[in-house]
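Let us take a walk through this protein together, with the sequence and the model side by side. Please bring both into view, and we can move from one part to the next.

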Amino acid sequence: MPFQLPELQYAYDALEPHIDAKTMEIHHSKHHNGYTAKLNAAIEGTAHDATPIESILGQLDMGNAGLRNNAGGYYNHCLFWDVINPNDRGTLSGDLEGAIVASFGSVDAFRDTFSAAAAGQFGSGWAWLCVHPGGAVKVCSTPNQDCPLMPGIGCGGTPILGLDVWEHAYYLNYQNRRPDYISAFFDLINWNEVSRRYEQGK
Ligand code: MN3
């Protein structure tokens with residue numbers, strides 16, 4: 001199988017109380033595992049068999065719903081686990097902080113913009129911070145498992161921070177209180193990882 005479910009680099013209960021262990025376990029071992037298996041099934045025997053996931057997304061035929069949903073679901077969750085890794089979280093600083101202030105006016109304004117994108121995504125989807133060549137950062141949201149690496153989706157560029165706002169990501173703990181989950185997310189962000197992705201993507 002070309003794609004494997006990545007092992008989580010931390011325990012399912014490592015994000016408590018913000019994200020509970022049961023949610024993490026189901027989200028990783030069932031949902032992400034499902035996207036991974038269906039992605040492998042969708043590319044089996046096709047030219048995509050040995051293609052990196054970023055290239056599959058970048059060249060995606062948006063009419064291919066099976067590949068669109070599962071390649072997006074695979075990639076989006078890989079990014080999500082990394083940007084909420086609780087080990088060595090760091091703080092927002094350096095070039096990334098400068099880019100955020102340049103684009104949004106302040107870190108607080110960025111937080112408001114990102115939170116509004118996450119809260120305003122109707123139904124299932126994601127909120128994103130993306131970097132464009134040259135280093136400018138933008139916020140957007142996408143429906144379902146769409147991802148800004150896909151043609152014509154969201155704010156384009158390279159995603160460096162993503163928040164899953166599907167109910168499966170928060171419902172056990174937060175029920176309909178998506179804004180509380182969004183607020184908790186800001187305590188979970190691994191800024192070292194986001195900065196690493198920023199430097200790579202700019
Ligand atoms: Mn999810």
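Gly125, Ala127, Leu129 and Val131 point one way from strand β1, while Trp126, Trp128 and Cys130 point the other way, and all of them are buried. Please keep in mind, as you look around, that this is a predicted model. Strand β1 covers residues 125–131, and because seven of its seven residues are buried, it is largely enclosed by the rest of the structure.

Now look at the neighbours of this strand. β1 pairs with β2 in the antiparallel sense, over seven bridges. To find your place in that pairing, start from Trp126, which stands opposite Thr142 in β2. The hairpin of β1 and β2 has five residues between the strands, and Gly134 takes a positive phi there, near 100°. β1 also pairs with β3, again in the antiparallel sense, with six bridges. Here a handy landmark is Cys130, whose bridge partner in β3 is Pro159.

Strand β3 leads us to the metal site. Which residues supply the protein donors of the manganese ion? They are His27, His77 and His168, each through NE2, and Asp164 through OD, at 1.9 to 2.2 Å from the ion. Read along the sequence, the spacing of these donor residues is H-x49-H-x86-D-x3-H. His77 belongs to helix α3 (residues 65–83) and Asp164 to strand β3 (residues 158–164), so this pair ties together parts that are 87 residues apart in sequence. Are these two donors buried or exposed? His77 has a relative accessible area of 0% and is buried. Asp164 also counts as buried, because its relative accessibility is 0% and the cut-off for buried is under 20%.

Let us stay with helix α3 for a moment. The helix is mostly covered, with 14 of its 19 residues buried. Its length can be checked too: at 1.5 Å a residue, the 19 residues should span 27 Å, and the end C-alpha atoms are indeed 27 Å apart, so the two values agree.

The same helix opens the way to the aromatic residues. How many aromatic pairs are there? The count comes to 13. Take Phe80 and Phe185 as an example: their ring centres are 6.5 Å apart and their planes are at 25°, so the pair is stacked. Phe80 sits in helix α3 and Phe185 in helix α7 (residues 178–185), so to speak of this pair is to speak of a link between distant parts of the chain, 105 residues apart. Phe80 counts as buried at 1% relative accessibility, and Phe185 counts as buried at 2%.

Phe185 has another partner in Phe114, and this pair is stacked as well, with 5.9 Å from centre to centre and 10° between the planes. Phe114 lies in helix α5 (residues 107–120) and Phe185 in helix α7, and the pair links parts of the chain that are 71 residues apart. Phe114 is buried, and so is Phe185. If you now widen the view, Phe80, Trp81, Phe104, Phe110, Phe114, Trp126, Trp128, Phe185 and Phe186 form one aromatic cluster. Among its members you will recognise Trp126 and Trp128, which point the same way from β1 as Cys130 does.

A few places in the backbone also deserve a visit. The peptide bond from Glu16 to Pro17 is cis, with omega near 5°, and Pro17 is found in the segment before α1 (21–43). Asp88 has a positive phi, near 50°, in a residue other than glycine. Asp88 lies in the loop between α3 and α4 (94–104), and at 64% relative accessibility this residue counts as exposed. Asn144 is not a glycine either, yet its phi is positive, at about 55°. Asn144 lies in the loop between β2 (137–143) and β3, where its relative accessibility of 40% makes it partly exposed.

Our last stop is Gly98, in helix α4. Gly98 is partly exposed, with a relative accessible area of 41%. How far from Ile160 is Gly98, in sequence and in space? The two are 62 residues apart in sequence and 15 Å apart in space, C-alpha to C-alpha.

Notes:
Residues are numbered from 1 along each chain as its sequence is written. This is a predicted model: local features need pLDDT of at least 70, side-chain atom pairs count only at pLDDT 80 or more; totals for chains, interfaces and linings use all residues. Side-chain values use heavy atoms; hydrogens and water are left out. Donors are N, O and S atoms within 2.8 Å of the metal (3.2 Å for Na, K and Ca); water is not among the atoms, so sites may look incomplete. Helices (H or I, at least four residues) and strands (E, at least two) are DSSP runs, numbered from the N terminus. Buried means under 20% relative accessible area, exposed over 50%, partly exposed in between (1.4 Å probe, protein chains only). Rings of Phe, Tyr and Trp (its six-membered ring) pair if their centres lie within 6.5 Å; planes under 30 degrees apart count as stacked, over 60 as edge-to-face and the rest as tilted. The expected span of a helix is 1.5 Å times one less than its number of residues. Two strands pair if DSSP finds at least two bridges between them.
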